[in-house]
Amino acid sequence: MRVVVQNDKNWMRRRAGTRAGAAALAAAAIASGCVQGGTADGPDGHPAPGQEAHQAPAARALDSYAAKLRAGHAARTLATKRWGLKKVPLTAPPPPASKPRITTRKGFEVDDHEELGLPPVFTTIPTGQRIVFLTVDDGAEKDRTFLRMMSELKVPYTAFLSDYLVKEDYGYFAKMQAGGVTLNNHTLHHPSLRGLPYARQKREICGMQDVIGRHYGKRPTVFRPPYGSYDQDTLRAAKSCGIRYVPLWDEEVFVDHWDYREGDRDLHPGDIVLTHFRGPNQWKGTMPDMVRRFLNKVTEKGYAVARLEDYL
């Protein structure tokens, strides 16, 4: 398990020192290694012919990596100040080589859930890492400043879109996708699905699959029912439309407060956090204001923000 560490100046100095040490060790290892049955050094103590060519690329690669780390940290530090955050957001660890097994949360099942092979419904990702996942729903507010803020801070998030709002500006979400954000399904018209006829539910879900595929090139495999409202027909329809996962959420963040599903009112490793595309017309602030509240809390609690799709 890799520990998430704070991106502060002391850490960068330690990291740079580690990389410098690694470069020295790499050079030493090359110098002392065997080359086709002989030692690396010739009889006069100098590197054997061709050995210099092996040493230089290794050292350059390590130096280049350390330089990229320094540059990345410097950029994030500047972005942290520019966007008014209290601390530099933590960097998430690499995603696991083997993705976790996602199952339906107890109490969130529908009848014959497993027997019918329906998509799992969950609020957290099983992990011991101190990471959370940010998800943004519907598409009402199209704030360019939000896009710039998230890009400069290098914070991943996932969007769940409804066409009746997205169609006002498909290009806005294309820019979001170009920045590495996955665009997922949140139905065509954002109805509460539970209790609706199967055919109506299928039109809402499959129709949005078609919209995303047509405008953004790929039909998603992840779907969130509006209001978190669903029944067996919802999951049956979702499965028939190509959906494999139905993430809900464990916390919701607004401009001025947080809401919690759990009684301890706290973050947990792997929690999925919900927010919405909203602005001053609906909130007492902007989407960047919401992001500041979100990042200040998760960073203070020692959590990094990871990309949901990397764990599915």
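## Exercises on a predicted model

At the start of helix H7 in this predicted model, a side-chain oxygen of Asp231 comes to within 3.1 Å of the backbone nitrogen of Asp233. The exercises below begin with this helix and then turn to the rings, the cores and one histidine.

**Exercise 1.** Work out which residues of helix H7 are buried and how they are placed around the axis.

*Solution.* Begin with the helix itself, which spans residues 232-240 and whose buried residues are Thr234, Leu235, Ala237 and Ala238. These residues cover an arc of only 160° around the axis, so they lie on the same side of H7. Next, look for what this side meets: the buried residues of H7 pack against strand S3 (121-122), helix H6 (198-216) and strand S7 (246-247). Finally, follow the chain onward to Gly242, just after H7, which takes a positive phi of about 100°.

**Exercise 2.** Describe the aromatic pair of Phe133 and Tyr311, and explain what the pair ties together.

*Solution.* The structure holds nine aromatic pairs. In the one formed by Phe133 and Tyr311, the centres are 5.2 Å apart and the planes make an angle of 70°; an angle over 60 degrees counts as edge-to-face, and the pair is accordingly described as edge-to-face. Then place the two residues along the chain: Phe133 belongs to strand S4 (residues 131-138) and Tyr311 to the segment after strand S11 (304-306), so the pair ties together parts that are 178 residues apart in sequence. As a last step, check the surroundings, where Phe133 and Tyr311 both turn out to be buried.

**Exercise 3.** Treat the pair of Phe173 and Phe277 in the same steps, and find the cluster that holds these two residues.

*Solution.* The rings of Phe173 and Phe277 are also edge-to-face, with 5.7 Å from centre to centre and 85° between the planes. Phe173 lies in helix H5 (residues 170-178), whereas Phe277 is in the loop between strand S10 (271-276) and helix H8 (287-300), so this pair ties together parts that are 104 residues apart in sequence. Both residues are buried, and together with Phe146, Tyr157 and Tyr172 they form one aromatic cluster.

**Exercise 4.** Identify the residues that touch the most other members of the largest nonpolar core, and the element that gives the most to this core.

*Solution.* The largest nonpolar core has 43 residues, of which Phe146, Met176 and Phe294 touch the most other members. Elements that each supply at least two residues include S4, helix H3 (144-153), H5 and H6, while H8 gives the most, with six residues. To see one member in detail, take Phe146, whose contacts beyond four places in sequence are Tyr157, Tyr172, Met176, Phe277, Met287, Pro288 and Val291. There is also a second, separate core of 34 residues, and among its members are Phe133, Leu196, Val246 and Leu312.

**Exercise 5.** Decide whether His190 is buried or exposed, and then list what surrounds this residue.

*Solution.* First locate His190, which is found in the loop between strand S6 (182-185) and H6. Its relative accessible area is 13%, and since buried means under 20%, His190 is buried. Leaving out neighbours within four places in sequence, the contacts of His190 are Asp138, Ser162, Tyr164, Glu204, Pro226 and Tyr227. With Tyr227, the contact includes a polar one between the two side chains, at 3.3 Å.

**Exercise 6.** Find the ring face over which each of Arg236 and Arg261 lies.

*Solution.* Arg236 lies over the face of Tyr198, at 4.4 Å from the ring centre. For Arg261 the ring is that of Trp249, with 5.5 Å to the ring centre.

Note on methods
Residues numbered from 1 in each chain as written. Predicted model: local features only at pLDDT ≥ 70, side-chain atom pairs only at ≥ 80, totals over all residues. Heavy atoms only, no water. Phe/Tyr/Trp six-rings, centres within 6.5 Å; stacked < 30°, edge-to-face > 60°. Helix = DSSP H or I, 4+ residues; strand = E, 2+ residues; numbered from the N terminus. Buried < 20%, exposed > 50% of the residue type's maximum accessible area, 1.4 Å probe, protein only. Lys NZ or Arg CZ within 6 Å of the ring centre and 35° of its normal. Arc of directions from axis to C-beta. Contact = heavy atoms within 4.5 Å. Polar contact = N/O pair within 3.5 Å; in protein donor to acceptor, adjacent residues only side chain to side chain. Core = buried A, V, L, I, M, F, W, Y, C linked by side-chain atoms within 4.5 Å.
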